[in-house]
Amino acid sequence: MKALLLAFLLLAGQGGPRFDTYEWDFGRINEADGAVSHTFVLMNDSPSPVTISRAIPGCSCIMASFPQEAVAPGQVCEVEVFYSPSGASGVTYRNIEIMAVGGRSLGTLNVKADVVPADRSIQERYLYTVADLMYISKKNIPFGYLGHGKTLSKVIYLANAAKETMELEASASGSQYFSVTCPAAVGAGKEVPVLLTWTMPSDPSFLATCRDTVWFSVDGRRSGTPVAVSAICLDVAEPSADAPRLQTYPSQAQLKKGLLSRSWSGEISLENVGKSDLEILAVEAPDGVAVDLGAGTTIAAGKKAKVSASCRSAAEFRVNLFTNDPVHPYKELIYKP
């Protein structure tokens, strides 16, 4: 992709925003394998910043993920287009129009695929039930590490095994940094993509484990099967031979009740086996849990530190550490009775 971006920049002339290409052929694909995607590159070859506002799909089987921030003059951004071949057979053509803030069209992206129909039923291919005859492909989606100011999208699929169309709504219940986009309805026997997106704040001091829950309503009734999503907001350091390296012992701390107090506590040892200082950038603990290690702690190369955590009840809990170790930038410490 870096080579493609460089070539595109070298070839760019004066003009308005434009894509590296407006067409993509996925070739022969299997319906049973689910969605495919391709990344189009938008070059802002204009004197003013350009911000993508929305994508208008030609049908519910196609959608796009794009950055929320403005693209500066002379810069590029990536627009990933997802196509679900559910219900398709043979050569198919789909399109999606990319719009800028202010209502201007940046172009229509076209995809083509030769779809081999699936020979398995929806019930055989989908593991989880959202409502009667409505199924979902996944219900737990970890996004992993996502740097400050970065956006990442993933797609899951809903499938309607009924003989009539079902109305669909989706909502997220937690983080302001998460959004969900889905079609308003799912046709009989159809499968549709649902776009899940995390957009992290640009503030480098924000270090957190971000979680949210997606709830679906089918024909006006809320499902009892939510989808859990998570992401870790953290800029991961570049690996090097001189980097710090975190090791912990034991793998889980045993909580013990104090003789003269009502609290339960446990201890885990941290060791820096790398060649430079290990920095504790942030410490995340549940409400009611006290931790004696704070953000800003530095552990020199070859040195150790202990993390003692306590609470009022004999219940399992976890303490999360954010560090400058490129191998273990995020470490979950488990304390259990």
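These legends go with close-up views of a predicted model.

**View 1. F178 and W198, a tilted aromatic pair.** This is one of 5 aromatic pairs in the structure. The two ring centres sit 5.1 Å apart, with 50° between the planes. It's a link between distant parts of the chain: F178 belongs to strand β14 (residues 178-181) and W198 to strand β16 (residues 191-199), 20 residues apart. Both F178 and W198 are buried.

**View 2. F322 and Y330 meet edge-to-face.** Here the centre-to-centre distance is 5.4 Å and the planes make an angle of 65°. F322 counts as buried because its relative accessibility is 0%. Y330 comes in at 14% relative accessibility, so it counts as buried too, given that the cut-off is under 20%.

**View 3. Charges over rings: K154 on F143 and R222 on W215.** K154 lies over the face of F143, 5.2 Å from the ring centre. For R222, over the face of W215, that distance is 4.0 Å.

**View 4. The largest pocket, with about 500 Å³ of space.** It has 20 lining residues, and P67, E69, C77, E78 and T151 are the ones nearest its centre. Strands β6 (76-83) and β12 (151-160) each chip in at least two residues, with β6 giving the most, 5 residues. Sorted by class, the lining is 10 nonpolar, 6 polar and 4 charged.

**View 5. The second largest pocket, about 400 Å³ in volume.** Of its 21 lining residues, A55, A64, F66, T181 and L195 are closest to the centre. β4 (52-57), β5 (62-65), β14 and β16 each give two or more residues to this lining. The class split is 11 nonpolar, 9 polar and 1 charged.

Note on methods:
Residues numbered from 1 in each chain as written. Predicted model: local features only at pLDDT ≥ 70, side-chain atom pairs only at ≥ 80, totals over all residues. Heavy atoms only, no water. Phe/Tyr/Trp six-rings, centres within 6.5 Å; stacked < 30°, edge-to-face > 60°. Helix = DSSP H or I, 4+ residues; strand = E, 2+ residues; numbered from the N terminus. Buried < 20%, exposed > 50% of the residue type's maximum accessible area, 1.4 Å probe, protein only. Lys NZ or Arg CZ within 6 Å of the ring centre and 35° of its normal. 1 Å grid on protein atoms, 1.4 Å probe; cavity = no way out; pocket = protein on both sides within 12 Å on 5 of 7 lines; lining within 4 Å. Points joined across faces, edges and corners; volume = space filled by probe spheres on them. Nonpolar A, V, L, I, M, F, W, Y, C, P; charged D, E, K, R; others polar.
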